[in-house]
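Reader: Hi, I have a structure open and want to get my bearings. Can you walk me through it?

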Amino acid sequence: MGCQKRINRALQHALHLPLNTGSRYIIISDCHRGEGTTYDNFLKNQHLYVAALRHYLNHGFFYLELGDGEELWENRSMERICNYHEDVYRLLECFDRQNRMIRLYGNHNMELKDRLPEALILDNREGGSDVCMIHGHQADFFNSVCWKLSRFLVRYLWKPLERSGVNDPTSAARNYNKAARYENCLTEWTKEHGAYLAAGHSHRPRLPADGEEEAKYLNAGSCVHPGCITAIELEGMRFTLVKWLTGTRPDMTLYVSREILAGPVPIH
């Protein structure tokens, strides 16, 4: 089965939410929360993520997480991840209690597929294109169809080699050619279906340029970038790609800031 068919199959069973001028959605992907060890890539940006979550919680946003929230290839215990990042899961619980959260599963937390949905569609009530959402591993044969083999290699081969600076060549986030093929698949899907397609997986944030009618692929990036996390805000029928990072004031105190990377871009 080709990547286009795997995407279509995922979207056949998608959850649906409304999209209109009053909608406020924050789209985040690829947190890769771990157990707080040296392998926990989320740990260095946890303070940025918590600050961003508090902002979106207080400003009425609906939280959408597009997969790989937990790193269950390198770690085996969901309980230990939740215990170590207790402050994060308390905030997520606040969103959940207010019915303002949907989390999708990705390849690195595929073990949660019985608890989490695979896809989501925002139904455009204003007459424009719908916004479809997946993690994106569906466009990656090795990390979807062969995910158990990929997990084995990450857990027992690439994890120990990571300390020596060896990158996993099977990862779309660390292999440029693989990422380019992945992005081409998702872009071609949007051209064929005329809908937006938001994903993660490659860790490469992207927003379509204003007026880019054909290619409607967008990517939330990740929460494991060096020194920042990225996200897509959907508010007032416009996409804005932002990053959260640490800044320094003249008096040498640190603060968390939000910067716009691209947009806002109106939904057509």
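**Helix H2 and its surroundings**

Author: Let's start right after helix H2. Gly60 follows H2 and has a positive phi, near 75°. Helices (H or I, at least four residues) and strands (E, at least two) are DSSP runs, numbered from the N terminus.

Reader: Before we go on, what kind of model is this?

Author: This is a predicted model: local features need pLDDT of at least 70, side-chain atom pairs count only at pLDDT 80 or more, and totals for chains, interfaces and linings use all residues. Residues are numbered from 1 along each chain as its sequence is written, and side-chain values use heavy atoms, with hydrogens and water left out.

Reader: Ok. How many residues does H2 have?

Author: H2 has 13 residues. From its first C-alpha to its last it reaches 18 Å, close to the 18 Å expected at 1.5 Å a residue. The expected span is 1.5 Å times one less than the number of residues.

Reader: Which residues of H2 are buried?

Author: Among them are Gln46, Leu48, Tyr49, Leu53 and Tyr56. Buried means under 20% relative accessible area, exposed over 50%, partly exposed in between (1.4 Å probe, protein chains only).

Reader: What does Leu53 touch?

Author: Leaving out residues up to four places away in sequence, Leu53 touches Ile28, Tyr63, Val88, Leu91, Leu92 and Phe95. Contact means heavy atoms within 4.5 Å.

Reader: And the largest nonpolar core, how many residues are in it?

Author: The largest nonpolar core has 31 residues. Ile28, Tyr49, Leu53, Tyr56, Tyr63 and Leu92 touch the most other members. Such a core is a set of buried Ala, Val, Leu, Ile, Met, Phe, Trp, Tyr and Cys residues joined through side-chain atoms within 4.5 Å.

Reader: Which helix gives the largest share?

Author: H2 does, with seven residues. There is also a second, separate core of 25 residues, which includes Leu120, Leu122, Tyr196 and Ile232.

Reader: New topic: sheets. What is the strand order in the one with six strands?

Author: The order is S4-S3-S2-S9-S10-S11, in an open sheet with mixed pairing. Strands S4 (101-104) and S11 (254-266) are at the edges, and each pairs on one side only. Two strands pair if DSSP finds at least two bridges between them.

Reader: How do S9 and S10 run?

Author: They run antiparallel, joined by eight bridges. Ile232 has Leu241 in S10 as its bridge partner. H2 packs on this sheet, touching S2, S3 (62-66), S9, S10 and S11.

Reader: Thr240 caught my eye. Where is it?

Author: Thr240 is in strand S10 (residues 238-248).

Reader: Why does Thr240 count as buried?

Author: Because its relative accessibility is 9%. The C-alpha atoms of Thr240 and Val265 are separated by 6.5 Å, though they are 25 residues apart along the chain.

Reader: What about the sheet of five strands, what order there?

Author: S1-S5-S6-S7-S8, open, with mixed pairing. S1 (15-19) and S8 (217-219) stand at the edges with a single partner strand each, so one side of each has no neighbour in the sheet.

Reader: Are S1 and S5 parallel or antiparallel?

Author: Parallel, over five bridges. Pro18 stands opposite Asp123 in S5.

Reader: Last one: is Thr187 buried or exposed?

Author: Buried, with a relative accessible area of 14%. Thr187 is in helix H7 (residues 176-193).

Definitions and conventions
Axes are lines fitted to C-alpha atoms, for helices over the stretch in contact, and angles run from 0 to 180 degrees between N-to-C directions.
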